[in-house]
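Q: Hi! I'm new to this one and would like a quick walk through it. Could you pull it up for us?

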Amino acid sequence: MSFRLANRAGQAVLLEGDDYWALDTDPMDALTRPQELHDRWARRGAADGQVSLAELGPPVPVPMQVFGYGLNYMDHIEEIDRVDAMGRTVSEAPVVFTKFPTCLVGPGAPVQLVGGHCDYECELVVVIGPETSNVDESQAWERVVGLMIGQDISDRALQTAATPPQFNLGKSRTSFGPTGPALVSPDLVENPDDLAISCQVNGEVRQNSRTSYLMRPVAEMVAYLSNILTLHPGDLIFTGTPGGVGHAQGLYLKPGDVIRSEIEGLGAMENPCV
Ligand code: ZN
């Protein structure tokens with residue numbers, strides 16, 4: 001199945017570069033019908049028009065559940081430990097938190113900063129296709145309808161305000177979940193387990209890694225969650241961020257900054273900070 005599904009003003013569209021092809025449904029419905037998307041993609045012909053990043057909404061606007069894996073790249077664990085010296089090691093059980101779906105915005109949407117400790121986290125986001133429970137790792141990729149870029153924007157102060165720390169609200173402020181530009185079927189990337197991932201702030205490279213460094217790969221993350229709860233069509237899994245976050249360097253986001261997030265084969269997002 002091959003397609004790039006996006007959200008133009010609430011309407012499902014196929015997207016290639018700036019060109020779009022309108023579909024007669026909304027994105028939540030469209031993602032449950034990959035075969036139709038594939039067929040339409042194969043015979044798409046002349047585009048219906050062009051669309052800018054800022055005009056695109058989140059490819060999956062209202063998922064039932066949004067999960068975030070924390071501390072899933074070794075260089076990120078090490079940099080965070082240098083800052084707060086808690087002797088972090090690789091947790092035996094996965095570190096999983098919630099991003100509430102209301103934080104989701106499009107690939108060019110402004111990020112509304114609050115306070116002085118907001119931070120970027122470029123991540124591969126996995127989108128669940130069919131309802132999924134109790135799968136093992138060998139079955140997990142079959143349940144993934146697509147991949148996209150995500151920014152797990154984080155208010156570090158709010159994240160650590162409580163004892164013990166509770167990540168959920170600090171990662172769910174309004175506009176703290178840019179995603180896009182499109183939901184890309186996994187077959188359109190060469191190796192979905194090894195994609196270059198990078199993040200720039202104002203043109204300066206801050207993160208630069210590959211998803212093959214994920215300590216818990218995509219199949220393991222999907223299988224783990226599916227054995228605890230039921231995953232629903234359109235559920236999102238933010239898979240964790242590589243080293244280079246601002247928190248580790250004292251470089252927090254400020255108004256006027258532009259965050260550029262890129263993943264090989266999935267395109268790029270550009271989110272201005274306000
Ligand atoms: Zn994250």
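A: Sure, starting with a term we'll need: two strands pair if DSSP finds at least two bridges between them. Strands themselves are DSSP runs (E, at least two residues), and helices are runs too (H or I, at least four), numbered from the N terminus. With that, β1 and strand β5 (residues 56–57) run antiparallel, joined by two bridges.

Q: What kind of model is this, and how are residues numbered?
A: This is a predicted model, where local features need pLDDT of at least 70, side-chain atom pairs count only at pLDDT 80 or more, and totals for chains, interfaces and linings use all residues. Residues are numbered from 1 along each chain as its sequence is written, and side-chain values use heavy atoms, with hydrogens and water left out.

Q: Thanks! Back to that β5 pairing: which residue is the bridge partner of Asn7 there?
A: In β5, Asn7 has Gly57 as its bridge partner. Asn7 also stands opposite Ala12 in β2.

Q: How many bridges join β1 to β2?
A: Four, and strand β2 (residues 11–16) runs antiparallel to β1. The two form a hairpin with two residues between them, and Ala9 in the turn has a positive phi of about 50 degrees.

Q: And what about β1 and β13?
A: Strand β1 (residues 4–8) pairs with strand β13 (residues 177–184) in the antiparallel sense, over two bridges. There, Arg4 has Val184 in β13 as its bridge partner.

Q: Switching topic: which residues are the protein donors of the zinc ion?
A: They are Glu121 (OE), Glu123 (OE) and Asp152 (OD), at 1.9 to 2.1 Å from the zinc ion. Donors here are N, O and S atoms within 2.8 Å of the metal (3.2 Å for Na, K and Ca); water is not among the atoms, so sites may look incomplete.

Q: How are the donor residues spaced in sequence?
A: The spacing is E-x1-E-x28-D. Glu123 and Asp152 link distant parts of the chain, 29 residues apart: Glu123 is in strand β10 (residues 122–128), and Asp152 is in the loop between β11 (144–151) and β12 (154–155).

Q: Are Glu123 and Asp152 buried or exposed?
A: Both are buried, meaning under 20% relative accessible area (exposed is over 50%, partly exposed in between; 1.4 Å probe, protein chains only).

Q: Last topic: how many disulfides are there?
A: Zero, counting a pair of cysteine sulfur atoms within 2.5 Å as a disulfide.

Q: Why is there no bond for Cys199?
A: Because its sulfur is 5.4 Å from the closest cysteine sulfur, in Cys122, which is too far. Cys199 is buried, with a relative accessible area of 0%.
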